[in-house]
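Let's walk through this model together, starting with its overall layout and then moving to a few places worth a closer look. Keep the 3D view open as you read.

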Amino acid sequence: DDAPGPQSERDEHLNFYLSKQELEQGLEHSRWLSTPPASAFKDDNNISGVTTSDLFTPEEKQAQLAQQQTTANEALRRIASLSLGSSKDRLRVNIQRIIDTFGRHNTDSTLPPRPKDQDRTPYNLRTPSSLDQANQRVGLDTGSSEVQIAILTAKIRTLSSFLSDRGRMDKVNKRNLRLLVHRRQKLLRYLERKERGGPRFQNVVDVLGLTEGMWRGEISL
């Protein structure tokens, strides 16, 4: 993981449901609000009996204000950094990434359809079907098999990392990990059968880096 700070802002997803663009827009707006007009930097000849030699010059005032704004921006970037968030925050962002990557509202336009069954209807009885038009997808896809497989994979990897580092004696989470693995195995088998090993199934396997042993045969942990 990235260390807290600006280096962790390479990704568009931040904590507190923020995007990088929203954060930068907020910082720019706050800079505009906190910057006084140019006339405020002019040096007065005499203020309460204090000579100009005892005051900051306009250039020094501008440099001091710029330093304060830079420090404030750095603090806000660190607060919004996902590396300082909890595991639930990181899981939420991972789910958001998964929906954007595997959701059929995006992949329907990039992946070819699955191989179709041979049409056994007599040629003279075939009619144009309006099924595709009637089943137009509305909104984000959060429940398709490939999205659920990717979410389970993210949970499995997080839980596996915890068990290997700190939870070696945690029997409850070992059982939970086994349940997640078997649930993913069932979904992979179903998706392979439904898509007939087509591009959608291959895309999930390739992007997630899964192997054939993860959905074929018996899994023991």
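The chain in this predicted model has a secondary structure of eight helices and two strands. Reading from the N terminus, you will meet the elements in the order α-β-β-α-α-α-α-α-α-α. Of the 221 residues, 27% count as buried. The chain exposes about 15,500 Å², and carbon and sulfur atoms supply 52% of that area. Contacts reach across the sequence too: among those between residues at least 6 apart, 69% join residues at least 24 apart.

A good place to begin is helix α6, residues 145-165. This helix has 21 residues and spans 30 Å from its first C-alpha to its last, close to the 30 Å expected at 1.5 Å a residue. Many positions along α6 are worth clicking on: its buried residues include Ser145, Glu146, Val147, Ile149, Ala150 and Ile151, and further along the helix Leu152, Ile156, Leu159 and Leu163 are also among them. What covers these buried residues? The cover includes α3, α4 (104-107), α7 and α8.

That brings us to the nonpolar interior. In soluble globular proteins, nonpolar side chains tend to be buried together. Here the largest nonpolar core has 16 residues, and the members that touch the most others are Ile98, Phe102, Ile149 and Leu208. Two or more residues each come from α3 (87-102), α6 (145-165), α7 (171-195) and α8 (199-208). Which of these elements gives the largest share of the core? It is α6, with five residues.

Ile149 deserves a moment of its own. Leaving aside residues up to four places away in sequence, Ile149 touches Arg184, Leu187, Leu188, Leu191, Val204, Leu208 and Leu210. Apart from the largest core there is another one, made of seven residues, and Leu152, Ile156, Leu177 and Val181 are among them.

Now step back by one residue from Ile149. Is Gln148, also in helix α6, buried, partly exposed or exposed? Gln148 counts as partly exposed because its relative accessibility is 29%, which falls between the 20% limit for buried and the 50% limit for exposed. With residues up to four places away in sequence left out, Gln148 touches Thr142, Gly143 and Leu187. Its C-alpha lies 9.8 Å from that of Gly103, although 45 residues separate the two along the chain.

Next, look at the backbone. Most residues other than glycine have a negative phi. Arg196 is not a glycine, yet its phi is positive, at about 55°. You will find Arg196 in the loop between α7 and α8. Arg196 has 36% relative accessibility, so it counts as partly exposed.

Phe16 gives you a second case, with a positive phi near 60° in a residue other than glycine. This residue lies in the segment before α1 (20-34). Phe16 also takes us out to the surface, where a nonpolar patch of about 300 Å² is made by Phe16, Leu76 and Ile79. Of these, Ile79 lies in helix α2, residues 58-80. In the viewer, then, you can finish by selecting Phe16 together with Leu76 and Ile79 to see this nonpolar surface patch.

Notes. Residues are numbered from 1 along each chain as its sequence is written. This is a predicted model: local features need pLDDT of at least 70, side-chain atom pairs count only at pLDDT 80 or more; totals for chains, interfaces and linings use all residues. Side-chain values use heavy atoms; hydrogens and water are left out. A nonpolar core is a set of buried Ala, Val, Leu, Ile, Met, Phe, Trp, Tyr and Cys residues joined through side-chain atoms within 4.5 Å. Buried means under 20% relative accessible area, exposed over 50%, partly exposed in between (1.4 Å probe, protein chains only). Helices (H or I, at least four residues) and strands (E, at least two) are DSSP runs, numbered from the N terminus. Contact means heavy atoms within 4.5 Å. Patches are made of residues with over 30% relative accessible area and no salt bridge: like charges are joined within 9 Å, nonpolar side chains (Val, Leu, Ile, Met, Phe, Trp, Tyr) within 5 Å. Accessible areas come from the Shrake-Rupley method with a 1.4 Å probe; for residues, only the protein chains shown count as cover. A salt bridge is a side-chain nitrogen of Lys or Arg within 4 Å of a carboxyl oxygen of Asp or Glu. The expected span of a helix is 1.5 Å times one less than its number of residues.
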